[in-house]
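Work through the exercises below with the structure open beside you. Try each task before reading its solution.

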Amino acid sequence: MTFRSKLFWVFTLALLLSVGLIAAGVMVVTQRAFEDLNQQHSDALVAQFQREFERRGQDIVHRVQGIADAEPTVRMAIDLSRPKSDVSIYVNDARGVSHAHQLDILDFAANDGSIISSAEWPARFGYKLSWVTQPEDWAARGSFLTKVETPEGPTLALMSVATVRVGDNNLYVAGGQRLGKEFLASLVLPTGMRALLYLNLDPAYQPANLLDSNGPANDAERFAPILEKEQQQPGQQTAKINWTSDPASAEIFHALPLLGRQKELLGVLLVGNSQREIAIVENRIIWLALAVVGIGLLIGLLLSWWGAARVTRPVRNLAEGAREVAAGNWNAHVDVRGGGEIGQLGRAFNQMTQQMSEQRERLVQSERVAAWREVARRLAHELKNPLFPLQTTVENLQRAKEQRPEQFEEVFRESTGILLSEIENLKTITDRFSDFSKMPQPELAAVNMNEVVRSAVKLFEAQFGAVGRPPITPELHLQEDLPAIQADSALLHRALENLILNAMDAMPAGGVLMLRTTNNNGKVHLEISDTGTGLTPEECDRLFTPYYTTKQHGTGLGLAIVQSVVSDHGGRISVESETGVGTSFHIELPSQPARRAQTIPSIFEKEKGKEG
Amino acid sequence: MKLRLCLFLAAISFALATVPAETARRPRYGGVLRVEIEAAVSSLEPTTGVKDLEVSGAKRQFDALIYRRRNSDGTFSSVAGSGLFQIAEWEPGKHVTLTANENAPGGRPFVDSIQIQMGRAARDMLLDLELGKTDLTEIPVEQARRAVDRGVRVSVSQPDELLALVFPAGRTTTEDARVREALAAAIDRASIVNFILQKNGEAAGGLLPQWSSGTAFLFSTAADVVRAKELWAQLPKSAKLVLGYDLGDPLEQSVAERIVVNAREAGISVTAQATPGAEAATAMAASGDIDARLMRFRMPSPVPRVALMNFLAALSPVTKIDASLLPDPASPQDIYDRERAIVSSYRVVPLVWLPQVYGLSARVRNWIAPGPGETWPLADVWLDGPAEAASEKEKR
């Protein structure tokens with residue numbers, strides 16, 4: 001994966017993470033806002049309910065007090081205060097009075113609590129309404145919620161009690177209104193909200209006691225958990241009911257306990273808030289957020305791609321420069337813009353390549369000087385050998401002519417023979433130098449390395465088994481499916497000849513010459529090993545230096561030529577040797593030669609060009 | 001014979017008590033007697049049978065006015081107009097105008113005509129009476145006291161109508177006599193008389209009133225809630241009892257609701273349910289889910305044997321009680337024994353005796369509340385003239 005791709009993915013991930021976090025944050029904030037809105041609606045409805053409850057309570061207090069203050073009631077109280085008063089005449093009064101005052105519940109009770117007249121249950125006269133006689137300041141109590149017995153069964157009513165006192169006797173007037181569907185219907189509810197009332201008339205939860213504004217509520221069983229919890233521990237609670245699998249069908253219910261005089265739980269108001277509108281809005285927000293995220297991501301991806309490309313361009317230039325340096329182009333230069341770390345790196349790279357180039361120039365210069373010195377030394381050495389006999393021969397001739405003229409003819413014949421021989425030697429020396437300097441450029445063609453190896457070995461077959469010298473056994477291990485390489489077969493042949501000659505020189509006592517070719521990932525690997533005397537590490541280090549030789553009569557140019565050929569084909573040559581065991585040369589040639597690297601011979605050529 | 005003498009003396013004393021002193025004035029002929037009744041009679045044919053008790057009673061009154069001959073079973077017959085009055089106008093179910101028959105046997109009635117409005121509500125009748133728009137109306141017994149308080153002239157008869165709780169045979173819920181006894185013991189008759197009937201009536205323990213049989217006091221009318229609870233506790237848990245009452249009868253409704261309250265106090269679960277008003281046996285048969293029903297029985301005769309046999313004949317089809325004939329004449333012991341047997345079965349639980357209450361305008365004279373089996377004495381009623389009536393009204 002490229003640096004650009006990595007950077008792109010890092011940017012993308014960072015963008016995704018950021019967008020995701022922001023989206024999640026927005027969702028959470030939105031959800032909280034909706035929850036707050038829900039809570040506000042519910043609180044408003046609960047407050048409305050409480051206000052309505054209070055208003056109705058006040059209304060009932062006024063009505064009941066009005067009944068208590070009315071003349072007929074006072075007359076009734078006076079009548080009741082008389083001994084052996086006949087209360088039967090009042091038995092039907094409550095019904096008419098309750099209708100007149102729009103009260104569902106109205107009871108007139110005597111001092112002992114016995115009902116004189118009851119509107120909600122006329123037949124209950126004579127029985128005790130015991131709770132009204134309990135010590136209580138009814139005037140201060142105001143309205144309160146209580147359970148009322150009716151022919152249809154117990155129900156909840158918002159009640160008030162007023163007393164008419166005549167002498168020591170009280171006439172209790174207990175009146176109120178039922179708390180039921182009519183009360184729920186009177187509440188003004190915002191859209192999406194509804195109110196339900198549970199009449200806690202039984203110890204266990206009874207679905208039939210749950211009312212809405214139309215009567216018994218539907219699916220009342222679903223409210224069992226919240227109402228049972230309320231029965232166990234009265235208090236404001238919230239519960240969510242999912243009517244279907246669709247989240248929009250959900251309703252959040254806030255439960256408000258309705259307590260009686262003794263703080264007993266008599267009812268529960270449930271304020272339901274439909275989640276439909278919120279779900280729709282949330283859905284819209286989600287889709288909008290997704291669209292924004294999608295567009296943002298698309299833009300972000302494009303920006304990331306562009307940004308990654310922009311950021312990595314200097315790095316790619318640096319990598320390209322490094323590759324050029326690796327390929328031998330030490331003059332590689334990268335285009336440096338900006339002042340950041342990458343810019344500094346680019347400048348450092350340019351500085352480095354410049355320094356390397358200069359150092360290489362200096363090195364080449366010093367190597368060139370050293371090479372010339374070596375050449376001079378070798379030339380001096382090579383020339384000194386034939387020159388010395390020439391000098392002594394000429395001096396013998398001079399001495400013979402001056403001191404022994406009679407022997408001059410004989411000396412002359414001998415001396416001219418020596419002179420010719422040494423001159424021949426000088427000529428040979430100059431030819432070798434001439435050959436080395438004239439190393440041609442390879443003419444590339446498809447070459448099978450195995451054939452080159454076989455051809456070279458065949459050339460020396462006669463010498464391997466020559467009479468008078470220990471035999472050398474050639475062993476060929478050639479990989480048959482070796483790919484063809486672009487090379488100059490003549491130059492390769494010449495290099496192989498030098499290597500085989502060296503091997504033969506290294507095995508004066510005979511031995512085995514092994515040649516192996518292998519395919520190394522498209523490159524051809526050639527190994528030439530002998531079982532000769534071997535080389536020391538120091539010798540190995542200097543082995544490819546021109547004019548360096550370990551042999552008595554060598555010119556020191558054979559391996560230099562081999563290295564030159566290998567180098568001209570873009571290959572590599574190395575040597576490994578162990579004294580007394582043998583030496584192995586390893587040559588690796590690519591299928592296609594790369595740019596021709598500068599070699600020592602080319603240096604000479606350059607130098608020659610300068611001189612020329 | 002002694003009983004009849006007693007009854008005669010009682011009737012005389014009651015009549016003397018109710019008739020104002022002014023009746024000593026000379027009767028006056030003429031005038032139109034305006035009558036309003038609740039029942040709506042749709043036929044004046046003597047042979048037409050009517051199942052509704054109220055309508056049946058009203059038709060009997062009409063028959064007594066327009067027919068001459070009275071049969072042995074109390075019905076009237078012969079030709080319409082042969083009686084005290086002749087039919088002048090007739091609109092079935094709405095009104096009838098009767099004119100005095102000049103040739104009536106025994107002499108012409110005092111009033112020239114009688115205008116009878118039918119199908120009037122009790123409240124409207126009372127209002128019309130107070131406003132002087134009518135002279136004679138029926139007043140529900142439970143409203144009698146309030147009417148008196150409002151200055152209405154009221155005539156109250158002997159209590160001759162029995163309101164009883166009847167348990168039909170064949171109901172599994174009430175087949176156990178303890179169920180019936182428990183409910184009977186829970187009922188507070190005194191409060192029904194005092195509060196619902198406003199003290200116009202008597203608590204009933206037996207099937208005949210005290211003034212008729214003379215043995216009614218031997219039957220307990222007191223509630224015994226402890227006994228009711230004990231009995232109910234002995235019974236396996238049963239379903240809620242359903243007590244039926246006549247849909248159009250406010251008195252029955254009030255009594256039924258009171259019984260429900262009484263039963264509830266004794267731990268007995270009872271609900272009251274209105275049923276269409278019809279003849280008792282038919283209503284009971286039609287109300288398959290009714291465990292007990294309130295029923296009214298009007299005494300057809302002051303004679304105990306006749307009245308009792310009549311009651312038994314009406315109850316027997318429903319309750320399967322013994323309706324065999326009593327010896328004629330029957331001794332008080334025979335009558336008491338039969339009464340006791342029936343009451344002890346708790347198939348019939350007598351509750352209260354109800355009187356007939358009439359509202360009269362100030363100009364109506366010589367009105368005597370009819371006794372059991374008797375019809376309205378309209379032939380003997382005469383009306384004050386306008387001046388006398390105004391004076392009478394002022395006095396009131």
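**Exercise 1.** Find how many bridges join strand β16 to strand β18 in chain A, and in which direction the two run.

Solution. This is a predicted model. Locate β16 at residues 523–530 of chain A and β18 at residues 582–589 of chain A. Seven bridges join them. The two strands run antiparallel. For one pair, start at A:His525: its bridge partner in β18(A) is A:Glu588.

**Exercise 2.** Name the helices of chain A that pack on the sheet, and the strands touched by each.

Solution. Start with helix α10 of chain A, residues 449–464. Helix α10 touches β13, β15 (511–520) and β16 of chain A. Its direction makes about 170° with that of β13(A). Next take helix α11 of chain A, residues 489–506. Helix α11 touches β13, β15, β16 and β18 of chain A. Its direction makes about 25° with that of β16(A).

**Exercise 3.** Write the strand order of the five-stranded sheet in chain A. Then explain why β13 and β17 of chain A each have a side without a neighbour in the sheet.

Solution. The order is β13-β15-β16-β18-β17 in chain A. The sheet is open, and its pairing is mixed. β13 (472–478) and β17 (572–578) of chain A stand at the edges. Each has a single partner strand, so one side of each lacks a neighbour in the sheet. On average, neighbouring strands of this sheet are turned by 15° against each other, direction ignored.

**Exercise 4.** Profile chain B: which share of its residues is buried, and how many helices and strands does chain B have?

Solution. Chain B has 396 residues, and 46% of them count as buried. Its elements are 13 helices and 17 strands. Now take the chain B contacts between residues at least 6 apart in sequence: 67% of these join residues at least 24 apart.

Notes: Residues numbered from 1 in each chain as written. Chains lettered and ligands numbered in written order. Predicted model: local features only at pLDDT ≥ 70, side-chain atom pairs only at ≥ 80, totals over all residues. Pairing = 2+ DSSP bridges. Helix = DSSP H or I, 4+ residues; strand = E, 2+ residues; numbered from the N terminus. Axes fitted to C-alpha atoms, helices over the stretch in contact; angles between N-to-C directions. Contact = placed C-beta atoms within 7 Å. Buried ≥ 20, exposed ≤ 12 C-beta atoms within 10 Å, placed from the backbone.
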